[in-house]
Structure formats: structure tokens, C-alpha cells
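Reader: Could you pick one part of this model and take me through it slowly, then show me how it sits in the rest? I'm at the bench and like plain talk.

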Amino acid sequence: MLVFSDECYLELGWEAEPVSVLHPDVCGGSYEGVVAVHSLSKRSNLAGYRAAFIAGDEAVLGELLQIRKHGGMMTAAPVQAATVAALGDDVHVQEQRARYAARRAALRDALVGHGFRIEHSEASLYLWATRDEGCWETVAHLAGLGILVAPGDFYGEAGERFVRVAFTATDERVEAAVKRLGRLPG
């Protein structure tokens with residue numbers, strides 16, 4: 001059996017400390033059948049670059065490399081250079097994390113103040129918010145305030161009473177949403 005772990009949010013734990021599937025406490029020190037998938041889209045704002053890497057079981061990685069080569073999907077040299085630069089610099093990751101943390105705190109406080117409850121939002125770039133109503137009612141309510149969110153049922157049955165609020169917009173857009181949530185009672 002192969003286990004692939006999406007670790008694109010590994011640096012973005014807020015109320016929990018994410019742990020890689022490659023950590024000895026998780027994999028028992030053996031990478032056999034285990035691959036971690038990392039992207040620089042979140043931590044380094046390189047979403048459009050498609051800059052990423054995989055780590056883990058050497059046998060699996062070798063097979064994936066051959067498929068990628070023969071599929072004509074080689075990464076362009078400028079993207080490779082940007083990837084190397086991003087992986088060699090932790091300062092920008094700390095700055096981006098602080099930026100996301102401030103946006104998250106502002107949106108969380110505004111949503112709670114507007115009558116929402118936040119759950120299952122310990123990590124990543126989203127808040128799962130609910131007012132204990134169907135997600136589409138909440139989508140309509142927030143759209144009426146000029147705030148766009150994703151309906152939770154897009155992500156399965158467990159999301160039917162939630163909306164997913166991203167804090168990836170600019171600081172100015174997040175500030176505008178916070179002000180809109182503060183104007184009207186929940």
C-alpha cells in the first residue's frame with residue numbers, strides 16, 4: 001500500500017502543530033510506501049509557479065520521476081530557480097505566516113462577533129464557520145454583506161452546516177470583510 005500525504009500546509013498550524021508523515025513518530029523510521037507532497041504555493045506564494053517537491057520512499061520517487069520525464073512535464077528553469085530561492089529562505093515563510101496569522105485572527109474575531117462558531121480550523125488557510133444553519137443560507141447572508149465564501153457541502157456531508165472562509169485575500173480585502181461583519185448583527 002502507498003500512502004501519499006498532502007503537506008502543503010505543514011508550516012501553517014495555528015492551534016495544532018502539524019507533523020509530517022515522514023516524522024519517525026508517524027512512519028516508525030521507515031519511508032517504505034510513504035511519500036510526502038509539498039508545495040510552495042501556500043508558504044511562499046508561488047501558486048502560479050506550480051513549484052513543489054515530493055520526499056519519501058526512494059523506489060516510489062524514482063518511478064514518479066520517470067513518469068514525469070516521459071510525460072513531458074519537466075519544470076522550467078525559472079521555476080526551478082524560484083523554488084531553490086524559496087526553499088533557501090525561511091525569513092519570507094515567517095513573514096507570510098505572520099501575515100496569515102493576523103488575517104486569521106481578524107476574520108475569526110469578526111465572525112465570532114457576528115454570531116458564528118469556528119470549528120476544525122486548527123491549521124491551513126481557512127476558517128470553518130457555522131451559524132448552525134444550512135451552508136447555502138450562510139453563503140447568501142454573507143454574499144449580502146459582500147463577502148464571498150465557499151459552501152461547506154462542496155467538501156462533503158460534514159460541511160453541510162459550514163462555510164469555508166479563506167484568509168488568502170489581501171490585507172485590505174480582509175479588513176473590508178471585517179468591517180462589513182461588524183456593521184450588521186448576526
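Author: Let's settle one term before we start: a residue is buried when its relative accessible area is under 20%, exposed when that value is over 50%, and partly exposed in between. E119, for example, comes out at 26%, so E119 is partly exposed. Keep in mind that this is a predicted model.

The part I'd pick is helix α4, but let's get our bearings before zooming in. The protein chain has 6 helices and 7 strands, and they come in the order β-α-β-β-α-α-α-β-β-α-β-β-α as you read along the sequence. The C-alpha trace spans about 55 × 35 × 30 Å along its principal axes. Of the 186 residues, 38% are buried. Take the contacts between residues at least 6 apart in sequence: 63% of them join residues at least 24 apart. The accessible surface is about 10,900 Å², with 56% of it belonging to carbon and sulfur atoms.

Now for α4 itself. This helix covers residues 91-113, which is 23 residues. From first C-alpha to last, α4 reaches 33 Å, close to the 33 Å expected at 1.5 Å a residue. Its buried residues are H92, V93, Q96, Y100, R103, R104, L107, A110 and L111. Several elements help to cover them, including α3 (77-87), β4 (117-119), β5 (126-130), β7 (163-166) and α6 (171-183). After the helix comes G115, with a positive phi near 100°.

Two of those buried residues deserve a closer look, V93 and R104. V93 has a relative accessible area of 10%, so it counts as buried. Setting aside residues up to four places away in sequence, V93 touches E11, R43 and S44. If you want a sense of distance, try V26: it is 67 residues from V93 along the chain, and their C-alpha atoms are separated by 25 Å.

R104 also belongs to α4. How buried is an arginine like R104? Its relative accessible area is 8%, so R104 is buried. Beyond its neighbours within four places in sequence, R104 is in contact with W14, E15, S121, L127 and F167.

One of the elements covering α4 is α6, so let's turn to that helix. α6 has 13 residues and reaches 19 Å between its end C-alphas, close to the 18 Å expected at 1.5 Å a residue. V174, A176, A177 and L181 are its buried residues. Looking down the axis of α6, you'd find these within an arc of 160°, so they line one face of the helix. They pack against α4 and α5 (135-144). Turned away from that buried side is a face with the exposed residues E172, G182 and R183.

There's a charge pair on α6 too. The side chains of E175 and K179 meet in a salt bridge, at 3.2 Å from N to O. These two residues are 4 apart in the helix, about one turn. In general, an α-helix has 3.6 residues a turn, so residues three or four places apart point the same way. E175 has 44% relative accessible area and is therefore partly exposed. Elsewhere, salt bridges with shared partners join E11, R43 and D90 into one network. You've already met E11 and R43 as residues that V93 touches.

Back to β4, another element that helps to cover α4. Here R117 and E119 meet through their side chains in a salt bridge, 2.5 Å from N to O. R117 has 36% relative accessibility, so R117 is partly exposed, and we began with E119, which is partly exposed at 26%. Set that beside the pair R131 and E133, whose side chains form a salt bridge at 2.9 Å, N to O. R131 and E133 are both buried. The count of salt bridges comes to 9.

One last stop, on the surface. L2, F4, I54, L64, I67 and M73 make up a nonpolar patch there, with about 530 Å² of accessible area together. M73 sits in the loop between α2 (58-70) and α3, and α3 is one of the elements that cover the buried residues of α4. With a relative accessible area of 40%, M73 counts as partly exposed.

Terms used
Residues are numbered from 1 along each chain as its sequence is written. This is a predicted model: local features need pLDDT of at least 70, side-chain atom pairs count only at pLDDT 80 or more; totals for chains, interfaces and linings use all residues. Side-chain values use heavy atoms; hydrogens and water are left out. The expected span of a helix is 1.5 Å times one less than its number of residues. Buried means under 20% relative accessible area, exposed over 50%, partly exposed in between (1.4 Å probe, protein chains only). Contact means heavy atoms within 4.5 Å. Patches are made of residues with over 30% relative accessible area and no salt bridge: like charges are joined within 9 Å, nonpolar side chains (Val, Leu, Ile, Met, Phe, Trp, Tyr) within 5 Å. Accessible areas come from the Shrake-Rupley method with a 1.4 Å probe; for residues, only the protein chains shown count as cover. A salt bridge is a side-chain nitrogen of Lys or Arg within 4 Å of a carboxyl oxygen of Asp or Glu. The arc is that of the directions from the helix axis to the C-beta atoms.
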